[in-house]
Amino acid sequence: MGRLTDPLVLRRARLVPVEGPAPDHEVDVLVRDGRVAQIAPRIDAPSAAPIDLDGRWLIPGLWDQHVHLGQWVLRTARLDLGAVRSVAEACAAVRERLASTASAPVVAWGHRPATWSEQPTVAALDAVSDVVPIVLIAGDGHHGWLNTPALTILGLPPREGVVSEGEWFDTYPRLAEVGLGGDDSPAAYRLAMEQLARLGIVGVVDLEFGSPVDAWAERAAAGADLLRVRTGAYPDFLDDYLAAGLRTGTPMPGCGPRQTFSVLKIISDGSLNTGTAWCCDPYRSGAGGPGGADGSHGAANYGASNYGASNYGASNYTVAELDDLVSRAVRNGVEVSTHAIGDAAVAQALDVHERWSAAGSIEHAQLVRRADLPRMARLGLRASVQPAHLLDDRDPTEQNWPDRAGRCFALRWMLDAGVLLALGSDAPVADLDPWLAMAAAVHRSADERAPWHGEQALTVSEALAASVDGQGTVHVGMRGDLVALDDSPFVAGSADSAEQARHLRSMRSALTVIDGQVAHTSV
């Protein structure tokens, strides 16, 4: 399935110097057969549809390199608990939702209890309602806080606290089976894509949980094919993807070239907020799991000097299990994206990728040892990082990892080591907004406080370069994915990162072109 596109000429554009120089005057840009075919002060192309940009600023289309797109689609109808700061506040919000919806089941997203003085309990939600199912999904997606009716309907045993990590990942897909999933129809996907195109997004890497191999065929056939989508498969579905003959870069079954298979996604450790990110040193607060899945007491094999009874988080796989998964992917031409948040998990991931010469990425790379970054660069692995997470994780990090906060979201170290940066959101954990990600990378603060370890900040140019899928400054031969902005993303004459961040967060697309076709316009 291919797309026939008419030539398009964008007149009077100003090119943004994303990576490399740009002309200091307005130019015309011709897009033909899905590629930028010519850039010149004036292009005579009678057969091309003209759009006058009137001096607007042109960049390559933006990408979000880590999205759970189905969860983002569903989030729009879920109760938002991102602002609650205690068990009491969360319960009050749920009580208010029940009162306004005639006691319909409540599914919410966004609470982050790592720094709360009181931790979530089933009893607290039962006090709100012990009749109506209540499911509160954590803001990092790594646990669910449920009341007794929700535990019962999902077939889970009674407990005092939350459903976390592997048990939660196994449980989450059952929400749809019991009528708590929400609307993830092709029409809902299409609406979400239209909203993203207005931000200037042309593509996403979709790492949705439990995505069967034929899921995108139905969506694309029903019109949810506006954006480019690179899909990932988790280990439970790897055999299905391989049986369908899929390799990295091949179109998904029944889809056109915009929907392609991308990677095997492996979640090798947990998260900071659940205390399960696997670290080389113990959590200062005592949070974290009992140790590695291979019996190593956390990070003993990766440099911890005082392991034992302390908590280091945990690895989700033994080395043998990782070797089996990664070697199978490599043999079948599939890249590997390894979720690794703690520094021990990052070191383990690098070991496995190197052992099998596995191309791909380290997802999150939230806490790193500087000595590991030259190896990441040498292996050609992308650091797929979500800068907006640092805004939410700043305080939990200072509580749990106060002795290593300077090694968190170490974007400057990564660039200095030659690591290829690819920015994303991990939506719905953070908003699916590349301008927010760039602003966080540049300023590293969302409030009146000074930038958090500002020595790790990026420049605006660097943040842009990490957000356009390696396309650099608009040039001949690149994909015909372009975004026109009403204003330059740079603040002229200002070195103030807070002002630069505010400006970035205000940016929106005036024109989004994907594969040479207009996906959004207000021009």
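Two strands pair if DSSP finds at least two bridges between them. Helices (H or I, at least four residues) and strands (E, at least two) are themselves DSSP runs, numbered from the N terminus. The model on the screen is predicted, so local features need pLDDT of at least 70 and side-chain atom pairs count only at pLDDT 80 or more, while totals for chains, interfaces and linings use all residues. Residues are numbered from 1 along each chain as its sequence is written, and side-chain values use heavy atoms, with hydrogens and water left out.

**First stop: strand E1**

Select residues 8-15, which form strand E1. Of these 8 residues, 6 are buried (under 20% relative accessible area with a 1.4 Å probe, protein chains only; exposed is over 50%, and partly exposed lies in between). Strand E1 is therefore largely enclosed by the rest of the structure.

Next, add strand E4 (residues 49-52), which pairs with E1 in the parallel sense over 4 bridges. Within E4, Pro50 is the bridge partner of Val9. Strand E2 (residues 27-32) is also joined to E1 by 4 bridges, and these two strands run antiparallel. Val9 has a bridge partner in E2 as well, namely Leu30. Finally, select strand E5 (residues 57-60), which is parallel to E1 and paired with it over 2 bridges. There, Leu58 is the bridge partner of Leu15.

**Second stop: the largest pocket**

Rolling a probe the size of a water molecule over the atoms shows where empty space is left. The search uses a 1 Å grid over the protein atoms alone: a cavity is a set of points where a 1.4 Å probe fits but cannot get out, and a pocket is an open set with protein on both sides within 12 Å along at least five of seven lines. Lining residues have an atom within 4 Å of a point. Grid points are joined across faces, edges and corners, and a volume is the space filled by probe spheres set on the points.

The largest pocket has a volume of about 680 Å³. To find its centre, select Gly82, Arg85, Arg112, Leu391 and Asp392, the closest to that point of the 34 lining residues. Strand E8 (106-111) and helix H13 (389-400) are the elements that give two or more residues to this lining. Helix H13 gives the most, with 6 residues. By class, the lining of the largest pocket holds 15 nonpolar residues (Ala, Val, Leu, Ile, Met, Phe, Trp, Tyr, Cys and Pro), 12 charged (Asp, Glu, Lys and Arg) and 7 polar (the others, Gly among them).

**Third stop: the largest cavity**

How many cavities of 30 Å³ or more does a search of the whole structure find? There are 2. The largest cavity has a volume of about 350 Å³. Select Asp140, Gly141, His142, Asp426 and Val429, which are the closest to its centre among 28 lining residues. Helix H5 (165-171), strand E14 and helix H13 are the elements that give two or more residues to this lining. The lining of the largest cavity divides into 11 nonpolar, 12 polar and 5 charged residues.

**Fourth stop: helix H10 and the second largest cavity**

Select residues 319-331, the 13 residues of helix H10. At 1.5 Å a residue (multiplied by one less than the number of residues), the helix should span 18 Å, and its end C-alpha atoms are 18 Å apart, which agrees. Among the buried residues of H10 are Leu322, Leu325 and Val326. What covers the buried residues of H10 includes helix H9 (238-243), strand E14 (259-267), strand E15 (335-340) and helix H11 (343-355). Just after H10, Gly333 takes a positive phi of about 70 degrees.

The second largest cavity, with a volume of about 30 Å³, is lined by Ile266, Leu322, Val326, Thr338, Ala349, Val352 and His353. H11 supplies the largest share of this lining, 3 residues. The lining of the second largest cavity has 5 nonpolar, 2 polar and no charged residues.

**Last stop: strand E20**

Select residues 509-514, strand E20; 6 of its 6 residues are buried, so the strand is largely enclosed by the rest of the structure. Strand E19 (residues 482-485) pairs with E20 in the antiparallel sense over 4 bridges, and Val513 in E20 is the bridge partner of Leu482. Strand E21 (residues 517-521) also runs antiparallel to E20, joined by 4 bridges. In E21, Gln517 is the bridge partner of Ile514. E20 and E21 form a hairpin with 2 residues between them, and Asp515 in the turn has a positive phi of about 60 degrees.

Conventions:
Contact = heavy atoms within 4.5 Å.
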